[in-house]
Amino acid sequence: MISGLMITSEDALANRSFHTGEVNLRNMDAIQSTTRKTFDAQLKELEQQLLKMGSFVEGMLDSSVQALIRQDSELADEVIRRDDVADNMDLEIETACMRLLALQQPMSKDLRIISTALKIITDLERIGDYSVDIAKAAKLLSGEPYFKPLIDIPRMAELTKKMLRDALQAFVDRSIEKAIQVCKDDDAVDQLNKGLLEELMDYMRKDPKLIMQSVHFILISRYLERIADHVTNVAERIVYMETGELRQIVESHKGA
Amino acid sequence: MSPAKVEDIPVTTVDKDDNMSVKPDDGSGKKVKIFARALNLYYGESHALRDINVDIYENEITALIGPSGCGKSTFLRSLNRMNDLIPSARLKGSVYLDGIDIYRPDIDVVALRKRVGMVFQKPNPFPMSIFDNISYGPKMHGIRDYGKLEEIVESTLKAAALWDEVKDKLHKSAFELSGGQQQRLCIARVLAVEPEVLLMDEPASALDPISTFKIEELMVELKQRYTVVLVTHNMYQASRVSQRTGFFLDGKLVEIGDTEQIFERPHDKRTDDYIRGRFG
């Protein structure tokens with residue numbers, strides 16, 4: 001069963017534009033050089049590892065929400081098991097970054113690529129953890145039918161997944177514009193989260209029997225909102241990697 | 001510990017009427033110690049420096065980096081008129097020290113070089129004792145009192161972080177010292193004539209890593225009292241010790257800025273290529 005699901009996530013990878021055929025790192029200006037071939041190859045490898053990890057946690061997020069929607073506790077278990085893989089990717093990438101820092105003394109953009117990788121993997125790892133939290137909630141909720149059809153949670157999940165996909169694409173394309181757009185997209189997720197909280201509070205006030213499910217839906221909504229925030233961090237890092245300027249892209253994140 | 005005062009040495013012969021001074025336009029309030037404007041230098045037909053405009057701030061280390069033959073050492077030597085010694089060298093433009101044009105015909109070059117001292121790539125101690133290496137300059141400038149000279153030797157060796165290692169063998173030959181010690185001796189020798197500016201041309205490139213770090217620590221100490229201009233092939237050294245870094249290429253100053261800006265996010269692609277080792 002594990003391998004079946006792994007293939008599914010690999011298929012998802014294969015369908016992504018930047019994973020088709022030769023590695024599509026067309027905008028990676030470092031590649032053109034001739035003087036530091038080994039280092040360039042190592043940086044390229046690092047980027048590949050990052051993209052792989054990004055796609056992998058995206059797969060975890062997708063499966064956790066599918067498990068919730070279909071009340072599929074086996075799929076939820078599978079997501080929980082996959083967390084170890086994500087954690088290992090995190091460690092591997094961190095190790096690779098530390099090695100490059102120690103042995104290659106990177107400067108300028110090379111340094112920014114590596115520091116960006118170090119920051120991004122923490123966000124990706126957290127996204128994996130939240131996906132596990134969603135999967136655990138899905139397991140708890142799999143025993144009885146939902147009191148209402150899931151509408152807002154799948155919508156939030158779609159938006160969040162799209163943000164993550166766009167952030168990874170912005171990384172591949174070296175696109176500041178796309179990264180900034182990702183940061184802006186976060187507002188819609190925040191709004192849905194707020195709306196859902198109010199709606200579910202109402203249900204709970206009216207009927208205490210709905211509290212168990214409602215509390216879990218509120219938590220799941222919160223997890224998705226947090227995932228979107230981590231994706232926003234990733235996007236902000238991409239802007240830094242490209243510009244060398246550390247700044248918060250969208251002001252409203254301070255309060256939210 | 002400040003070096004001994006050498007009151008009886010005339011500091012400069014330039015007259016102060018022609019002063020020019022500039023303030024950096026970055027609002028930092030720093031004082032410009034040296035500035036060059038439209039500086040061009042030719043060795044015969046070869047155009048070695050092209051329109052250099054630069055401000056060197058007081059009590060900072062300014063590092064100059066760039067590939068071999070880019071003009072960084074030539075520029076360094078133009079700051080105390082060492083290029084005067086090369087017959088084919090011609091210079092246009094100007095260099096100001098404390099607002100005074102150092103290429104004015106009435107400038108006393110010896111006095112200038114006393115104010116703007118130089119340390120070279122290979123340690124070049126004189127074939128004499130440690131003591132005599134240090135006291136040579138002050139003696140040349142007229143100090144005869146032995147007690148005074150002893151004072152100068154001790155204070156400058158301390159300033160050069162060498163005193164503890166040599167205090168028991170001051171009258172041994174300077175050649176008995178290790179390479180790193182010899183280089184610190186040469187720095188002490190420059191300090192003994194109380195300069196204001198230290199020009200350092202690859203001061204650590206012939207040294208092992210430990211000696212290199214000692215020299216670097218020393219540079220950081222020295223900038224409290226002196227203005228340091230450092231030419232180095234080792235950009236990691238530039239990034240470790242300097243406050244500002246300039247990148248030279250083909251006789252031009254491509255870019256100069258705060259060291260962290262140059263190494264984290266240089267503005268010019270050529271600078272970026274060079275510091276990332278992606279040159280050519």
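Good morning; this talk describes some helices of chains A and B in a predicted model.

I begin with chain A and its helix H5, residues 152-173. The axis of this helix comes within 9 Å of the axis of helix H6, residues 176-206, and the two cross at roughly 165°. Angles over 145 degrees count as roughly antiparallel, and H5(A) and H6(A) are therefore roughly antiparallel to each other. The crossing of H5(A) past H6(A) is left-handed. On the H5(A) side, the contact includes A:Ile153, A:Met156, A:Leu159 and A:Met163; on the H6(A) side, A:Val182, A:Val189, A:Leu192 and A:Leu196 are among the residues involved. By character, the residues of this contact comprise twelve nonpolar, three polar and eight charged.

H5(A) also meets helix H2 of chain A, residues 37-70, with axes that come within 11 Å and cross at roughly 170°. H2(A) is therefore roughly antiparallel to H5(A). Among the residues in contact are A:Leu50, A:Leu61 and A:Val65 of H2(A), together with A:Leu164, A:Leu168 and A:Phe171 of H5(A). Here the division is 14 nonpolar, three polar and five charged.

I turn now to chain B. How far apart are the end C-alpha atoms of helix H4, residues 146-159? They are 20 Å apart, which agrees with the expected span, because 14 residues at 1.5 Å a residue should span 20 Å. Several residues of H4(B) are buried, including B:Leu149, B:Ile152, B:Val153 and B:Leu157. The buried residues of this helix pack against helices H3, H5, H6 and H7 of chain B. After H4(B) comes B:Ala161, with a positive phi near 55°.

Notes
Residues numbered from 1 in each chain as written. Chains lettered and ligands numbered in written order. Predicted model: local features only at pLDDT ≥ 70, side-chain atom pairs only at ≥ 80, totals over all residues. Heavy atoms only, no water. Helix = DSSP H or I, 4+ residues; strand = E, 2+ residues; numbered from the N terminus. Expected span 1.5 Å × (residues − 1). Buried < 20%, exposed > 50% of the residue type's maximum accessible area, 1.4 Å probe, protein only. Contact = heavy atoms within 4.5 Å. Axes fitted to C-alpha atoms, helices over the stretch in contact; angles between N-to-C directions. Parallel < 35°, antiparallel > 145°, perpendicular 65-115°, else oblique. Left-handed = near helix turned anticlockwise from the far one by under 90°. Nonpolar A, V, L, I, M, F, W, Y, C, P; charged D, E, K, R; others polar.
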